[in-house]
Amino acid sequence: YAAKHANNPHFPRIFKIKKLIPPYARPNTSPTLWAVKMEKLNPLSSENWKMVDAARGILLQYNFQTIDEFKAQYPKQGMSLMRTIQMLEDGRGRQEPQAFDDLHKPENFMQRSDGTVVITDPWFTDQTKMPKPSHQLAGGTLDQLKS
């Protein structure tokens, strides 16, 4: 999704994409696993998390701040971030398997060195509804490498 929307400043820059990890080298909970090389990002600051949370609050209608107040407080990137979050919400229902919103945790956001908020993990899929692997080799190796 980020590669298809490369001009959006709130998605990571993708340099190399879609190297399929073979079945013996991925967890058995993942029918497919892709490796993606992307830009180096920094942890999200608490100030930027407040902006993300305020944007989500306005979109989900649980924040009593108005859009005009939000624009005044975050003039640099607030509205573009809010539009990106709305775009993700509109797009997640069209994902296969069905994706669920995962924008409620700061761990799913990072930032560039200039302070631009980058959304790194906007969705999750319900693992119980994912198809089972169709072969015996799927998974195991990465689980064993944890120790």
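A salt bridge is a side-chain nitrogen of Lys or Arg within 4 Å of a carboxyl oxygen of Asp or Glu. In this predicted model, the side chains of Asp102 and Lys105 fit that description, with N and O 3.5 Å apart. The two partners sit differently with respect to the surface. Asp102 has a relative accessible area of 6%, so it counts as buried, while Lys105, at 30%, is partly exposed.

That pair has company, as the structure holds three salt bridges. Another one joins Glu39 to Arg13, and here the closest N and O atoms are 3.2 Å apart. Glu39 belongs to the loop between strand 2 and strand 3 (42-43), and Arg13 to the segment before strand 1, so this contact ties together parts that lie 26 residues apart in sequence. Glu39 is buried, at 10% relative accessible area; Arg13 is partly exposed, at 45%.

Glu39 also has a second partner. Arg112 makes a salt bridge with Glu39, the closest N and O atoms being 2.8 Å apart. Because Arg112 lies in the loop between strand 5 (109-111) and strand 6 (117-119), and Glu39 in the loop between strand 2 and strand 3, the pair ties together parts 73 residues apart in sequence. Arg112 is buried too, with a relative accessible area of 8%. Put together, Arg13, Glu39 and Arg112 are linked in a network of salt bridges.

Next comes the empty space inside. A search of the whole structure turns up one cavity of 30 Å³ or more, and the volume of this largest cavity is about 40 Å³. Its lining is made up of Arg56, Leu59, Leu60, Ile85, Glu89, Asp101 and Leu103. Helix 1 (46-60) and helix 3 (78-92) are the elements that each give two or more residues to this lining, and helix 1 has the largest share, with three. As for chemistry, the lining is a mix of four nonpolar and three charged residues, with no polar ones.

On the outside, there is a nonpolar patch to look at. Ile17, Leu20, Trp34, Val36 and Met38 make up this piece of surface, which covers about 450 Å². Two elements, strand 1 (14-20) and strand 2 (34-38), give two or more residues to the patch. Strand 2 gives the most, with three residues. Ile17, for its part, is found in strand 1, and its relative accessibility of 44% means that it counts as partly exposed.

Notes
Residues numbered from 1 in each chain as written. Predicted model: local features only at pLDDT ≥ 70, side-chain atom pairs only at ≥ 80, totals over all residues. Heavy atoms only, no water. Patch = residues over 30% accessible without salt bridge, like charges linked within 9 Å, V, L, I, M, F, W, Y side chains within 5 Å. Areas by Shrake-Rupley, 256 points an atom, 1.4 Å probe, with all protein chains shown as cover. Helix = DSSP H or I, 4+ residues; strand = E, 2+ residues; numbered from the N terminus. Buried < 20%, exposed > 50% of the residue type's maximum accessible area, 1.4 Å probe, protein only. 1 Å grid on protein atoms, 1.4 Å probe; cavity = no way out; pocket = protein on both sides within 12 Å on 5 of 7 lines; lining within 4 Å. Points joined across faces, edges and corners; volume = space filled by probe spheres on them. Nonpolar A, V, L, I, M, F, W, Y, C, P; charged D, E, K, R; others polar.
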